[in-house]
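Please open the model in a viewer and keep the sequence panel visible. The tour below proceeds by selection, from the whole chain to individual residues.

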Amino acid sequence: MTLSVDLAPSTGARAVPARCRICSGQLSRSFALCYCCDTLVGQLQMPLVPVVAMVEYRLGDPLHHRLRGYKDAPVAEVRDRYRDELVTMATRWLHHHHRQLGRRFGSDWDAVATVPSSRRPGRAPADVIVTRVPVLGALHRPLLIRGRGCTDHLRADRLGFELAPGVDHRRLRTLRVLLVDDSVVTGARAQSAAASLRLGGAQVVGVLALGRAVRPEGGGTPAGSRW
Ligand SMILES: [Zn+2]
């Protein structure tokens with residue numbers, strides 16, 4: 001796996017390669033946003049929030065197995081082992097990068113929400129990790145549920161998620177929310193979740209993902225995405 005610690009947004013100074021202002025993904029030309037982020041802006045009709053990934057992965061590598069296996073492995077002991085390894089990774093990463101993350105997002109946060117599954121009902125898969133990482137779990141709030149809209153790897157929808165029953169709207173308007181997901185490919189699901197919170201009145205400071213799929217060396221794309 002490759003540590004993804006480039007938290008700084010790209011600047012006017014033309015560093016090569018240029019980076020997307022939202023996701024820090026590599027740009028082939030000097031646009032402000034990558035193709036994916038530009039597409040999501042058009043679908044959501046609102047600005048996006050910045051996305052930071054702790055670690056980048058490629059399909060089939062050990063981190064990819066952990067990010068899938070902690071929720072999908074058929075054996076409970078394997079799911080638990082992958083979960084514990086991801087908890088350890090996230091705890092260590094935040095210990096070293098917490099302040100840097102606040103600078104990247106331009107704000108600290110006072111609540112942590114997770115992105116629900118768009119396929120399965122119930123709690124967000126990442127809850128089992130977030131609630132075990134001390135600096136995240138202490139602020140964790142179950143703010144979102146799956147909505148009636150449809151989201152996919154390159155399909156964002158304001159209705160993809162909605163506020164969970166019982167969320168206090170007046171309280172929500174006072175919150176600065178860090179949105180956490182296990183993995184991002186294009187950010188479509190995370191940005192849809194962020195849109196729901198923002199339309200509900202919350203300030204979403206950014207999306208923190210444990211892992212981000214990257215393009216294989218020499219071309220190609222992560223499964224399900226188009227660049
Ligand atoms: Zn981008």
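**The whole chain**

Among contacts in the protein chain between residues at least 6 apart in sequence, 68% join residues at least 24 apart. The model is predicted. Colour the chain by secondary structure: 7 helices and 7 strands should appear. Followed along the sequence, these elements are arranged as β-α-β-α-α-β-α-α-β-β-α-β-α-β. The protein chain has 227 residues, of which 38% count as buried.

**The nonpolar core**

Next, select Val51, Val177, Leu179, Ala190, Ala194, Leu197 and Val207. Within the largest nonpolar core, which has 62 residues, these are the members that touch the most others. Centre the view on leucine 179 from this group. Leaving aside residues up to four places away in sequence, leucine 179 touches Ala113, Val115, Ala190, Ala193, Ala194, Val204 and Val207.

**Helix H1**

Move to helix H1, residues 35–44. Which of its residues are buried? Show the side chains of Cys36, Cys37, Leu40 and Leu44, which are the buried residues in H1. These four lie on the same side of H1, because they cover an arc of only 95° around the axis. Add helix H7 (188–199) to the selection, since the buried residues of H1 pack against H7. Then step past the end of H1 to glutamine 45, which follows the helix and has a positive phi, near 55°.

**Helices H2 and H3**

Select helix H2 (residues 62–72) together with helix H3 (residues 76–105). The two pack with their axes 7 Å apart and at an angle of about 130°. H2 and H3 are therefore oblique to each other, and their crossing is left-handed. To display the contact, show Arg66, Gly69, Tyr70 and Lys71 on the H2 side, and Val78, Arg79, Tyr82, Arg83, Glu85 and Leu86 on the H3 side.

Keep H2 in view and highlight Leu63, Arg66, Leu67 and Tyr70, its buried residues. Their arc around the axis is only 95°, so they too sit on the same side of H2. What covers these buried residues of H2? The covering elements include strand E2 (51–57), H3, strand E6 (176–184) and E7.

**Arginine 212 in strand E7**

From H2, turn to strand E7, residues 203–213, and select arginine 212 within this strand. Is arginine 212 buried or exposed? Arginine 212 is buried, because 25 other C-beta atoms lie within 10 Å, and the cut-off for a buried residue is 20 or more. Now add methionine 54 to the selection and draw a distance between the C-alpha atoms. Arginine 212 and methionine 54 are 158 residues apart along the chain, and their C-alpha atoms are separated by 7.8 Å.

**Leucine 139 in a loop**

The last stop is leucine 139, in the loop between helix H5 (134–137) and strand E4 (144–146). With 16 other C-beta atoms within 10 Å, leucine 139 is partly exposed. Show Asp110, Ala111 and Val112 as well: leucine 139 touches these three, not counting residues up to four places away in sequence. A distance drawn from C-alpha to C-alpha between leucine 139 and valine 112 gives 5.3 Å, for a separation of 27 residues in sequence.

Terms used
Residues numbered from 1 in each chain as written. Predicted model: local features only at pLDDT ≥ 70, side-chain atom pairs only at ≥ 80, totals over all residues. Buried ≥ 20, exposed ≤ 12 C-beta atoms within 10 Å, placed from the backbone. Contact = placed C-beta atoms within 7 Å. Core = buried A, V, L, I, M, F, W, Y, C linked by C-beta atoms within 7 Å. Arc of directions from axis to C-beta. Axes fitted to C-alpha atoms, helices over the stretch in contact; angles between N-to-C directions. Parallel < 35°, antiparallel > 145°, perpendicular 65-115°, else oblique. Left-handed = near helix turned anticlockwise from the far one by under 90°.
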